[in-house]
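Work through the exercises below with the model open. Try each task before reading its solution.

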Amino acid sequence: MLVTAGYRGLTFRDTEGRALRAVHEEERFDAVAISADGSALAAVDDEDGLLWLLDRDGEIRHQVRLSEPGTALALAPDGSWAAVATENELGFWEADGRLRTEVPVVGAEYLAMAPDGSWLAAARSDHVLLFDARGRRLGPALDAGDEITGLAVSPRGDWVAATTGQGAILRWDPEGRLLAELEAAAAATHLAVGPFGSWLATVCFDDAVRVWDVQAGECIAAIHLEAGLDACAWTPGGTRLYVTGWAGLHGFALRLPPQGQQAHAS
């Protein structure tokens with residue numbers, strides 16, 4: 001399932017990125033999240049300050065009024081709970097709209113959920129904070145050394161990755177140990193981990209999409225676009241990468257070459 005959020009509601013798309021239908025077109029949504037099992041959606045409407053909890057077809061299950069505009073959103077793999085960051089707090093919400101817990105976290109701009117829904121990563125300024133599903137802190141803050149611009153968790157939940165304004169890509173294990181640090185060609189605005197954890201995609205301020213081999217620490221594919229880029233997401237099979245930006249939605253297929261040659265995105 002592919003769903004995009006924007007000024008005219010939520011748009012459901014096929015695997016080629018073509019629009020199938022739109023729902024809640026009178027609303028402006030700033031973010032949308034899909035549960036890994038495809039059973040639920042969550043969306044944030046900053047204009048009205050609402051968290052929307054929806055079924056797989058976009059029908060409203062519950063609406064929750066937030067105390068402040070939402071800045072980031074994440075949804076559990078089975079859709080059983082959602083996390084929403086606001087300017088001063090991080091809220092954990094049940095699927096029925098009840099508040100599970102709320103913890104003071106100032107300025108969190110990125111959230112990433114563990115694949116089993118047991119913990120959550122939140123990025124604020126130059127640190128990553130880890131929480132369990134009840135809002136309790138896990139371990140020390142992870143220091144990125146610079147303003148964080150993107151956040152993601154591996155499909156097995158064995159590492160969390162962040163990009164920074166200086167162009168670094170860092171990976172830590174859940175205990176806070178730094179596993180790797182890469183220096184990218186340009187600062188990234190977003191990143192996404194492939195479904196098998198072997199690839200990591202970044203969209204960058206130089207209007208390029210890059211795909212990285214996680215273990216080798218090398219860029220294996222890159223393509224430049226003539227438009228600002230905002231976010232990226234892999235399809236479940238890992239064969240396609242979708243990128244959003246000023247010019248709309250872009251879809252790419254990554255073709256694997258013989259070993260030792262560079263991959264090609266098209």
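**Exercise 1. Give the strand order of the open sheet that contains strand 4, and name its edge strands.**

Solution. The model is predicted. Start with the order: the four strands run 4-5-6-7, and their pairing is antiparallel. Next, look for strands that pair on one side only; these are strand 4 (31-34) and strand 7 (60-65). Then check the twist. Neighbouring strands of this sheet are turned by 15 degrees against each other on average, direction ignored.

Now take one pair inside the sheet. Strand 5 (residues 40-45) and strand 6 (residues 50-55) are antiparallel and share six bridges. For the register, use D45, which faces L50 in strand 6.

**Exercise 2. Is L53 buried or exposed? List its contacts beyond four places in sequence.**

Solution. Locate the residue: L53 lies in strand 6. Its relative accessible area is 4%. The cut-off for buried is under 20%. L53 is therefore buried.

Now collect the contacts, skipping neighbours within four places in sequence. L53 touches L41, A42, E59, I60, R61, H62, A82, E94, A95 and G97. For a distance check, take H190, 137 residues from L53 along the chain; the two C-alpha atoms are 24 Å apart.

**Exercise 3. Find the strand order of the open sheet that contains strand 12, and say which strands have a single partner.**

Solution. The order is 12-13-14-15, again four strands with antiparallel pairing. Strand 12 (108-113) and strand 15 (142-143) are the edges. Each has a single partner strand, so one side of each lacks a neighbour in the sheet.

Inside the sheet, strand 13 (residues 119-124) runs antiparallel to strand 14 (residues 127-132), with six bridges between them. A123 sits opposite V128 in strand 14.

**Exercise 4. How many residues make up the largest nonpolar core, and which of them have the most contacts inside it?**

Solution. Count first: this core has 18 residues. Then rank by contacts inside the core. W81, L90, F92, V105, L111, L120 and F131 have the most. Now map the core onto elements. Strand 8 (70-75), strand 9 (81-86), strand 10 (89-94), strand 12, strand 13 and strand 14 each give two or more residues. A second, separate core holds 17 residues, including A112, A114, V128 and A144.

Zoom in on F92. Leaving out residues up to four places away in sequence, its contacts include W81, L120 and F131. Among the others are R98, R100 and D132.

**Exercise 5. How many salt bridges does the structure hold? Work through three of them, with the exposure of each partner.**

Solution. The total is 11.

- R21 and D57: the N to O distance is 3.9 Å. The cut-off is 4 Å, so the pair qualifies. R21 is in strand 3 (residues 19-23), while D57 is in the loop between strand 6 and strand 7, 36 residues apart. Both count as partly exposed, R21 at 36% and D57 at 40%.
- D96 and R98: the closest N and O atoms are 2.7 Å apart. D96 is partly exposed at 35%. R98 is exposed at 51%.
- R156 and D158: the closest N and O atoms are 3.5 Å apart. R156 is exposed at 61%. D158 is partly exposed at 30%.

Finish by looking for shared partners. E94, R100 and R134 are joined into one network of salt bridges.

Conventions. Residues numbered from 1 in each chain as written. Predicted model: local features only at pLDDT ≥ 70, side-chain atom pairs only at ≥ 80, totals over all residues. Heavy atoms only, no water. Pairing = 2+ DSSP bridges. Axes fitted to C-alpha atoms, helices over the stretch in contact; angles between N-to-C directions. Buried < 20%, exposed > 50% of the residue type's maximum accessible area, 1.4 Å probe, protein only. Contact = heavy atoms within 4.5 Å. Core = buried A, V, L, I, M, F, W, Y, C linked by side-chain atoms within 4.5 Å. Salt bridge = Lys/Arg side-chain N within 4 Å of Asp/Glu carboxyl O.
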